[in-house]
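Take a walk through this model with the sequence at hand. Start with one side chain and work outward.

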Amino acid sequence: MKKALVVLCLWTAASIVMLFSLSGQKNVLRDDWQSAVRKNDVLQTLHDEAKKEWEDEKSALTLENEKLADTAASLTAENEALKRETETLAEQLKTAQQETQEALAEAEKQAAEALEQARQEWEDQRIALTAEKDAASGRLSEVLAFLLTPSPEMEASPAPETMEEGLFTAEETLPIATPTPKPSSILDMFLAK
């Protein structure tokens, strides 16, 4: 019985030690649990803050993305308008170039016709002036021949008083020379000769 009492005492002592040990572990576990709860609260707070920041940033990025989409749509519309305007201007430039070429061709044609007409007029004038010069030269030759040919009346040698009276009679008047046109340039003067 003594042995049973010793065993009972040992068992009681072991139970007490175990209780103290469990009590100590319980306190350690409670402290660990409370520490874990605090850590959980802190982590939950950090998680909530991070989640709020992420949602704010997501909202900001969504808003910015919408603005960028609006800007892209606006730029696309503006690009299309500029493309249409560029095509219109290119067509207008092509039309203007074609009209300019046609106008230049017409102007060159008119200038060539005017030049040909002026050349023809100049040739006609040159021919007319040459004919007038030849006619004047012929008349001058006739006048010189008439003046240089002695007349039978001059051989009779009338008295000086009568010479003065009959020097210029109607029959002997010089023919009126047609005035030759004055040459307008040195070229016309040489052509007239």
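Begin at Arg-126, which is partly exposed, with a relative accessible area of 27%. Keep in mind that the model is predicted. Arg-126 has a partner. Its side chain forms a salt bridge with Glu-123, and the closest N and O atoms are 2.5 Å apart. Why can these two meet? They sit three residues apart in helix α1, so about one helical turn separates them.

Now step back along the helix to Glu-116. This residue pairs with Arg-119 in a salt bridge, with 2.8 Å between the closest N and O atoms. The spacing is again three residues in helix α1, which means a separation of about one helical turn. How accessible are the two partners? Glu-116 is partly exposed, at 39% relative accessible area. Arg-119 also counts as partly exposed, at 42% relative accessibility.

Go further back, to Lys-52 and Asp-56. Their side chains meet in a salt bridge at 3.4 Å, N to O. Here the partners are four residues apart in helix α1, and about one helical turn lies between them. Lys-52 is exposed, with a relative accessible area of 51%. Asp-56 is partly exposed, at 43%. The cut-off explains the two labels: exposed means over 50% relative accessible area, so Lys-52 qualifies, while Asp-56 falls in the partly exposed class.

How many salt bridges does a search of the whole structure find? It finds three.

Turn next to the charged surface. Asp-48, Glu-49, Glu-53 and Glu-57 form a negative surface patch. Look at Glu-49 in particular. Glu-49 lies in helix α1, which covers residues 2-148. It is partly exposed, with a relative accessible area of 43%. Patch members must have over 30% relative accessible area, so Glu-49 meets that requirement.

A patch of another kind follows. Leu-140, Leu-144, Phe-146, Leu-147 and Leu-148 form a nonpolar patch on the surface. Together these residues have about 550 Å² of accessible area. Leu-148 is one of them, and it lies in helix α1. Is Leu-148 buried or exposed? It is exposed, with a relative accessible area of 68%. The requirement of over 30% applies to this patch as well, so Leu-148 passes it.

Finish with the whole protein. It has four helices and zero strands. Read along the sequence, the pattern is α-α-α-α. Helix α1 takes in residues 2-148. What share of the 193 residues counts as buried? The figure is 1%. Buried here means under 20% relative accessible area, so Arg-126, at 27%, is not in that class. The accessible surface of the protein comes to about 17300 Å². Of that surface, 63% belongs to carbon and sulfur atoms.

Terms used: Residues numbered from 1 in each chain as written. Predicted model: local features only at pLDDT ≥ 70, side-chain atom pairs only at ≥ 80, totals over all residues. Heavy atoms only, no water. Patch = residues over 30% accessible without salt bridge, like charges linked within 9 Å, V, L, I, M, F, W, Y side chains within 5 Å. Areas by Shrake-Rupley, 256 points an atom, 1.4 Å probe, with all protein chains shown as cover. Salt bridge = Lys/Arg side-chain N within 4 Å of Asp/Glu carboxyl O. Lys, Arg positive; Asp, Glu negative; His and termini not counted. Charge placed at Lys NZ, Arg CZ, Asp CG, Glu CD. Helix = DSSP H or I, 4+ residues; strand = E, 2+ residues; numbered from the N terminus. Buried < 20%, exposed > 50% of the residue type's maximum accessible area, 1.4 Å probe, protein only.
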